[in-house]
Amino acid sequence: MQLPPLNALRAFEATARLMSLSKAGDELHVTHAAISHQIKHLETWLGRKLLQKSGRGVALTAAGGEYFRAVSGSLAAIAHATGNMRRDHDKRAITVGCIPSIASRWLVPALPSFQDSDPDLDVRIVYARAEERFDDESLDVLITLGEDLSGGRESRLLFSRRNQPVASRHYLAKRWTIDDVSLAGADLLHDESVDGWKEWFRKAGQKAPEPLRGPIFQDFNMLATAVIAGHGVALCPVEVFRREIERGDLLVLSGIATAESQGYYVISNSWAKKPVRRFIDWFMTVCGSGA
């Protein structure tokens with residue numbers, strides 16, 4: 001069996017898929033120069049030109065396109081088989097990636113009840129970023145913002161992302177005049193940028209303050225801590241904060257909402273093993289999203 005240099009093949013596949021040497025380097029954790037070197041090595045080995053410059057990026061040659069279509073599916077199949085092999089040696093363990101806002105409010109507090117119901121199953125909880133996509137080489141379950149429409153994936157809606165203005169009683173006690181109409185005068189808290197509040201004021205038919213001031217939090221859990229502590233008013237997904245709202249820790253200040261079409265999902269392979277399905281069914285029940 002005559003195979004090409006496999007590191008060079010991985011570099012080519014990633015570059016052809018992402019159409020970027022830099023992005024391929026980020027994915028494979030090597031430098032831009034290393035990716036370029038590997039591709040030149042593969043081209044020399046094949047005796048064919050696979051990539052060419054296109055503006056500030058790269059493009060596939062005719063031979064490169066043909067070769068990419070031939071090898072990409074095979075590499076994906078190898079990755080999938082490898083992931084299954086690595087996990088299946090321990091059938092009594094599942095790995096769950098979860099974004100912090102859901103983990104801290106819903107998953108971690110409830111986890112003992114799942115362990116009581118299935119004591120022989122080990123559950124590994126790992127940190128997931130909001131933009132992270134499901135990777136069945138490392139995860140059995142991903143709980144994140146947004147669904148995965150890829151073939152072979154199953155996405156179940158956990159919470160709507162419907163964002164509404166909320167504040168603590170402590171804050172409102174200091175600013176008792178705040179209501180739907182006067183939010184422009186509130187101390188606004190921002191999640192990553194001021195764009196969320198700009199959208200809310202637009203939907204409310206109100207003129208946004210200029211400039212939009214207030215602290216900007218890169219991490220949503222820091223924003224949640226600030227609003228519960230009484231630092232101001234934040235746009236929060238009211239379903240995710242259902243318990244804080246029911247306890248009276250937070251009050252919803254307006255029925256006007258943004259991000260209503262978005263949601264938080266539980267994602268897995270459609271052929272997931274039985275322990276994974278038991279975990280997902282349990283967590284959906286915990287969150288009140290189904291049996």
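This is a guided tour of a predicted model, stop by stop.

**Before you start**

Residues are numbered from 1 along each chain as its sequence is written. Because the model is predicted, local features need pLDDT of at least 70 and side-chain atom pairs count only at pLDDT 80 or more, while totals for chains, interfaces and linings use all residues; side-chain values use heavy atoms, with hydrogens and water left out.

Helices (H or I, at least four residues) and strands (E, at least two) are DSSP runs, numbered from the N terminus.

**Stop 1: helix α10**

Select residues 274–286, which make up helix α10. The 13 residues of α10 should span 18 Å at 1.5 Å a residue, and its end C-alpha atoms are indeed 18 Å apart. The expected span is 1.5 Å times one less than the number of residues.

Now colour by accessibility. Buried means under 20% relative accessible area, exposed over 50%, and partly exposed in between (1.4 Å probe, protein chains only). Pro275, Val276, Phe279, Ile280, Trp282, Phe283 and Met284 of α10 are buried. What do the buried residues of α10 pack against? Show β3 (93–98), α5, β4 (122–127), β5 (141–145), β6 and β12 (263–269) to see their partners. Contact here means heavy atoms within 4.5 Å.

Step past the end of the helix. Gly288 follows α10 and has a positive phi, near 70°.

**Stop 2: where α5 meets α10**

Add helix α5, residues 100–117. It packs with α10 at an angle of about 115°, and the two axes are 10 Å apart. Axes are lines fitted to C-alpha atoms, for helices over the stretch in contact, and angles run from 0 to 180 degrees between N-to-C directions.

Which residues meet here? On the α5 side, pick Ile102, Trp106, Leu107, Ala110, Leu111, Ser113 and Phe114. On the α10 side, pick Arg278, Phe279, Trp282, Phe283 and Val286. By class, this contact has 10 nonpolar residues, one polar and one charged. Ala, Val, Leu, Ile, Met, Phe, Trp, Tyr, Cys and Pro count as nonpolar; Asp, Glu, Lys and Arg as charged; the others, Gly among them, as polar.

**Stop 3: salt bridges**

Side chains of opposite charge can pair when their charged atoms come close. A salt bridge is a side-chain nitrogen of Lys or Arg within 4 Å of a carboxyl oxygen of Asp or Glu. How many salt bridges are there by this rule? The count comes to 14.

Go to Arg277 in α10. Arg277 forms a salt bridge with Glu154, with the closest N and O atoms 3.3 Å apart. Glu154 sits in strand β6 (residues 153–160), so this pair links parts of the chain 123 residues apart. Arg277 is partly exposed at 29% relative accessible area, and Glu154 is partly exposed at 25%.

Next, select Glu244 and Arg105. Their closest N and O atoms are 3.0 Å apart, in a salt bridge. Glu244 lies in helix α9 (residues 242–247) and Arg105 in α5, so the bridge ties together parts 139 residues apart in sequence. Are these two residues buried or exposed? Both Glu244 and Arg105 are buried.

Then move to Arg17 and Glu27. Their side chains meet in a salt bridge of 2.6 Å, N to O. Arg17 is in helix α1 (residues 6–18) and Glu27 in helix α2 (residues 21–28), 10 residues apart. Arg17 is partly exposed at 39% relative accessibility, as is Glu27 at 38%. Add Glu13: with Arg17 and Glu27, it belongs to a network of salt bridges.

**Stop 4: Thr144**

Select Thr144 in strand β5. Its relative accessibility is 0%, so it counts as buried. Leaving aside neighbours within four places in sequence, Thr144 contacts Ile99, Arg129, Ala130, Glu132, Arg133, Gly263, Tyr264, Tyr265 and Ile267.

**Stop 5: backbone details in the loops**

Start at Met19, in the loop between α1 and α2. Met19 is not a glycine, yet its phi is positive, about 55°. At 34% relative accessibility, Met19 is partly exposed.

Jump to Glu192, in the loop between β8 (188–191) and α7. Glu192 also has a positive phi, near 75°, in a residue other than glycine. At 57% relative accessibility, Glu192 is exposed.

Finish at Pro211, in the loop between α7 (195–204) and β9 (216–217). The peptide bond from Glu210 to Pro211 is cis, with omega near -5°.
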